[in-house]
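Subject: A structure for you to explore

Hi there,

I'm handing over a structure that I hope you will enjoy looking through. Please open it first, and then read on for what turned up in it.

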Amino acid sequence: MSKLFIVGNGFDIDLGFSTRYSNFAACAQLWPFKSGAAGLAGYLVRQRETEKWLDIEQCLLDYAKVNSGLVSLGQIKQHSLEDDRNSFEKLTEKLSQFIQAVVERQQIKKDSVAAKVLKAISENGEYKVYSFNYTDINAFAERVGAKKMECIHVHGSIKDNSIILGIDAKNDVIDGYDFLYKVYDPFYQSNTLRHDLEEAEEIVIFGHSLGPVDYSYFQTFFRNLCREENTANDRKKVTIFTYDDDSRLEILRQLRVMNNKEMQLMFNNNDFQIICTDYCDWRDKDRLDRFLKHMEEKPFIGLGSAVL
């Protein structure tokens with residue numbers, strides 16, 4: 001049986017690490033740009049000053065997108081392609097340093113839901129791990145007493161200084177700004193996540209918003225969950241961990257977009273659940289307890305198999 005464990009930034013946050021883009025923007029020591037900067041740097045400074053929850057990758061898209069981007073609309077008066085590329089490289093470098101500092105200085109929450117799930121997944125031993133985070137999940141596993149696991153970092157890692165920041169290549173940008181595409185980054189590597197999602201019978205997603213920036217990884221998978229012709233053999237077990245009821249609703253909104261509004265088919269065709277880590281009500285605690293108990297189950301060994 002194929003199983004997947006996919007983590008996003010909410011996983012690190014639940015473990016106690018302040019790794020949001022907004023945390024980076026609030027760090028005066030490592031934020032790379034000053035007031036009065038021009039071009040991309042100046043735009044990010046202005047967004048930092050006005051946006052409570054800064055989404056850097058969305059800012060990059062808003063800046064450089066064809067037709068609707070700020071450069072295209074003529075709203076950025078002073079900029080040069082070379083300066084903007086240098087600013088982007090500096091931004092990536094400082095973000096990597098920030099995350100490294102956070103992981104080194106902040107304490108991990110060993111009693112968090114993320115720590116419990118990480119230990120359960122590692123003990124189960126059947127899960128392939130994909131991380132959309134820059135952090136080293138095995139360093140966290142060691143700190144909470146979990147087993148190490150093979151992990152594929154979709155967007156690079158601070159462990160080998162290979163983090164990948166940017167936007168999806170499906171978005172058209174103005175000439176010269178394709179350096180913002182993640183797949184153009186020299187550290188970007190092929191992965192089999194989309195194929196693994198199709199093959200997996202059980203999928204656990206922790207702390208990933210499933211937002212538009214990553215639709216290319218998940219859209220086909222969630223649409224296929226909602227096909228009317230699906231049979232019992234196509235049924236998958238999908239568990240999504242998120243923070244609270246607001247984030248639960250936002251995930252459902254994203255899924256509704258991805259699967260052409262076929263929400264009822266998604267629930268009825270599969271064993272689908274969302275668990276809120278702040279225990280919005282008693283049902284979340286009950287779902288977590290049942291999930292952890294399920295992780296303790298070992299695969300059935302046939303009569304002809306050797307038991308070691």
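Let's begin with glutamine 273: leaving out residues up to four places away in sequence, it touches Val238, Thr239, Ile240 and Arg287 (contact means heavy atoms within 4.5 Å). Please keep in mind that this is a predicted model, where local features need pLDDT of at least 70 and side-chain atom pairs count only at pLDDT 80 or more, while totals for chains, interfaces and linings use all residues. Residues are numbered from 1 along each chain as its sequence is written, and side-chain values use heavy atoms, with hydrogens and water left out.

Back to glutamine 273, which sits in strand 6 (residues 271-276). Helices (H or I, at least four residues) and strands (E, at least two) are DSSP runs, numbered from the N terminus. Glutamine 273 counts as buried because its relative accessibility is 17% (buried is under 20% relative accessible area, exposed over 50%, partly exposed in between, with a 1.4 Å probe and protein chains only). Its side chain also makes a polar contact of 3.1 Å with the side chain of threonine 239. Such a contact is a pair of N or O atoms within 3.5 Å; within protein, one must be able to donate a hydrogen and the other to accept it, and residues adjacent in sequence count only if both atoms are side-chain atoms.

Now the sheet. How are the 6 strands of the open sheet ordered? They run 3-2-1-4-5-6, with parallel pairing (two strands pair if DSSP finds at least two bridges between them). Strand 3 and strand 6 are at the edges with a single partner strand each, so one side of each has no neighbour in the sheet. From one strand to the next, the twist averages 15° (angles run from 0 to 180 degrees between N-to-C directions, and axes are lines fitted to C-alpha atoms, for helices over the stretch in contact). Strand 2 (residues 127-131) pairs with strand 3 in the parallel sense over 3 bridges, and tyrosine 130 stands opposite isoleucine 152 of strand 3.

Two helices to find next are helix 10 and helix 12. Helix 10 packs on the sheet and touches strand 5 (237-242) and strand 6, its direction making about 145° with that of strand 6. Helix 12 (residues 282-295) lies across strand 2, strand 4 (202-206), strand 5 and strand 6, at about 120° to strand 6.

There are helix pairs to look at too. The axes of helix 6 (residues 113-124) and helix 7 (residues 137-144) come within 10 Å and cross at roughly 95°, so these helices are roughly perpendicular to each other. (Under 35 degrees is roughly parallel, over 145 roughly antiparallel, 65 to 115 roughly perpendicular, and the rest oblique.) Ala115, Leu118 and Lys119 of helix 6 meet Ile137, Phe140, Ala141 and Val144 of helix 7.

Helix 3 (residues 39-50) and helix 5 (residues 81-105) pack at about 50°, with axes 7 Å apart, and are therefore oblique to each other. Helix 3 contributes Gly39, Leu40, Ala41 and Leu44 to the contact, and helix 5 contributes Asp84, Ser87, Phe88 and Leu91.

Last, two loop residues. Most residues other than glycine have a negative phi. Asparagine 161, however, has a positive phi near 55°, and lysine 261 has one near 70°. Asparagine 161 is in the loop between strand 3 (151-153) and helix 8 (193-199); lysine 261 is in the loop between helix 10 (245-258) and helix 11 (263-269). Asparagine 161 is exposed at 54% relative accessibility, and lysine 261 is exposed at 57%.

Happy exploring!
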